[in-house]
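Colleague: Can you walk me through the charged pairs here? I'd like to know how each label is earned.

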Amino acid sequence: CATREARVRLGSALVRAGLRDGRVRAALTTMLADDPIEAAGLLAGHGDADALPDVSAALDRLALPPPGPGELRRCEEIVALAQATLALRGNLTAEQRTKFERAYSRSDELWACGGPEVDEFVARAPELVRGTESPGA
């Protein structure tokens with residue numbers, strides 16, 4: 001697919017169709033590098049535990065971000081990957097659990113404070129957050 005939105009829509013359709021096929025899992029895991037939040041949700045929804053090594057590796061690649069631009073997005077990526085691991089009945093390593101807990105806590109703080117970081121995150125979020133209907137529809 002040419003765009004992120006098209007990949008998300010296709011992935012969502014595959015998950016909703018309930019197809020249990022290694023090709024579906026492979027298609028969803030390819031999304032991990034470009035869009036960890038969406039990929040994590042789709043993989044958790046797909047429910048294929050064979051995706052656990054890919055989800056775990058994606059979580060391991062992400063470091064806790066320094067304060068500043070992009071911090072909320074990275075924290076949300078870490079949280080989504082950790083939650084997908086648990087949804088797939090996997091276990092977090094001690095390092096992953098610590099990373100998850102810190103990212104979750106910091107994300108909660110950032111959402112509570114609001115401001116430009118939250119506005120930017122919501123503006124870049126998929127249609128599921130903003131709503132799929134256009135104004136006036």
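Modeller: Sure, starting with helices: those (H or I, at least four residues), like strands (E, at least two), are DSSP runs, numbered from the N terminus. Glu77 and Arg74 both sit in helix H5, three residues apart, about one turn of the helix. Keep in mind that this is a predicted model, where local features need pLDDT of at least 70, side-chain atom pairs count only at pLDDT 80 or more, and totals for chains, interfaces and linings use all residues. Residues are numbered from 1 along each chain as its sequence is written, and side-chain values use heavy atoms, leaving out hydrogens and water.

Colleague: Why is the contact of Glu77 with Arg74 called a salt bridge?

Modeller: The term asks for a side-chain nitrogen of Lys or Arg within 4 Å of a carboxyl oxygen of Asp or Glu. The closest N and O atoms of this pair are 2.8 Å apart, so the label fits.

Colleague: What makes Glu77 buried?

Modeller: Buried means under 20% relative accessible area, exposed over 50%, and partly exposed in between (1.4 Å probe, protein chains only). Glu77 has 9%, so it counts as buried. Arg74 has 29%, so it is partly exposed. Salt bridges with shared partners join Asp35, Arg73, Arg74 and Glu77 into one network.

Colleague: How do you know that Arg73 forms a salt bridge with Asp35?

Modeller: Their closest N and O atoms are 3.3 Å apart, so they meet the cut-off. Arg73 lies in helix H5 and Asp35 in the loop between helix H2 and helix H3, so the pair ties together parts 38 residues apart in sequence.
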